[in-house]
Amino acid sequence: MIIKKIRKLCLSCMEEHEVAIVKETRKTIFKGVAVEYEAVCEYCDKYDEYTETEELINQNDIACKDAYRQKMGLLTSSEIRAIREKYGLTQTDLAIILDWGEKTITRYEGHQVQDNAHDEILRKIANDPEWFLSFLENTKNRFSEEIYQKYRSTISGAFHRSKDAYLRKTIQANYATFNEQECGDTKLDLDKVVAVIQYLANAPILKKLKKVKLMKCMWYADALSFKRYGHSIMGLVYQSCPMGAVPIGHQYLIELDGVDFQEEQDDEHVTYTFISGNTSKTSLLTKEECSVLDTVIEKFAGYNAKQISDYMHKEVAYQKTPLHECIEYRYAQELSLS
């Protein structure tokens, strides 16, 4: 198959003319295994001859090795390179962090096929940045402070992103059995969840926003939005609990990236105080959603956790919902706020 044609010095006839760059399927035996791969070469129609430049020889050899890697269930050279680039590392520095020979990664991204043990390590560091961070800590004395901090920042960032992705999948799994109507005629929107928490945490009059109060404010926000506009803001489902409404998956929601809190331990339990400052997601909120949140903030600014829980216990939605059952959005029409 012809890929393109270029005018160049032909290696077959040693004359300058239009040379076809072609792709062909090749079969060979590598390490006792039959492999098939796509090779690229040049074709001279004058001599009816195929040739390869040094660059194409190298490219085709790697293609052959990658075909073997794929057949044996190993990472290809490009997949290894992608792992390294994910962390912003040079080939030599990745090898140093893993305590391998300094040219090992260079070879693995080229013509040398990695063994199974090294392949497993590369796969694990790709999927577990926290584990990879431990490798960096063990080899930090082999880097300058500047380079060490640069790599630490990059790997830590990847860890937080992977943690957030895991949390989001967990939350979405918890909501898989709920339909859109049960979520307030809105699809679950975790970015809006983070935006709402940030908006509430940054409200100057909501001092020392604790978890219990936050959960109640979130329910009021979704319920009031449903009452005013026919849909919730976040698409959360709330369960009736002794202290009032609590969203399904609340323990994961507060761990999402962008939600900042201080954790304090006393003799009896752990408390969470949500911190102002981060507004990375608040721009996602519409004017109407901000209006709803402002109403909730103004109403409950001076309430502590017990007071807002007591207030919610008087809501029709809470009184008509059995303990530990999900609160239906249809009760939002009887909400005390307007």
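## Orientation of α2 and α5

Helix pairs whose axes meet at angles under 35 degrees count as roughly parallel, those over 145 as roughly antiparallel, those from 65 to 115 as roughly perpendicular, and the rest as oblique. In this predicted model, helix α2, spanning residues 77-86, packs against helix α5, spanning residues 116-127, at an angle of about 40 degrees, and their axes lie 10 Å apart. The two helices, α2 and α5, are therefore oblique to each other, and the crossing in which α2 passes α5 is left-handed.

## Residues at the helix contact

On the α2 side the contact is formed by Ile80, Ile83 and Lys86, while α5 contributes Leu122, Ile125 and Ala126. Sorted by character, the residues of this contact between α2 and α5 comprise five nonpolar and one charged, with no polar residue among them.

## Cysteines without a partner

A disulfide requires a pair of cysteine sulfur atoms within 2.5 Å, and by this rule the model has a count of zero disulfides. Cys64, accordingly, is in no disulfide, and the nearest cysteine sulfur, belonging to Cys41, is 15 Å away. With a relative accessibility of 7%, Cys64 counts as buried.

Cys326 presents a second case, in which the closest cysteine sulfur is that of Cys183, and because the two sulfurs are 9.4 Å from each other, they are too far apart for a bond. As for its surroundings, Cys326 has a relative accessibility of 32% and so counts as partly exposed, whereas Cys64 counts as buried.

Methods:
Residues are numbered from 1 along each chain as its sequence is written. This is a predicted model: local features need pLDDT of at least 70, side-chain atom pairs count only at pLDDT 80 or more; totals for chains, interfaces and linings use all residues. Side-chain values use heavy atoms; hydrogens and water are left out. Buried means under 20% relative accessible area, exposed over 50%, partly exposed in between (1.4 Å probe, protein chains only). Axes are lines fitted to C-alpha atoms, for helices over the stretch in contact, and angles run from 0 to 180 degrees between N-to-C directions. Helices (H or I, at least four residues) and strands (E, at least two) are DSSP runs, numbered from the N terminus. A crossing is left-handed if the near helix is turned anticlockwise from the far one by less than a right angle, and right-handed if clockwise. Contact means heavy atoms within 4.5 Å. Ala, Val, Leu, Ile, Met, Phe, Trp, Tyr, Cys and Pro count as nonpolar, Asp, Glu, Lys and Arg as charged, and the others, Gly among them, as polar.
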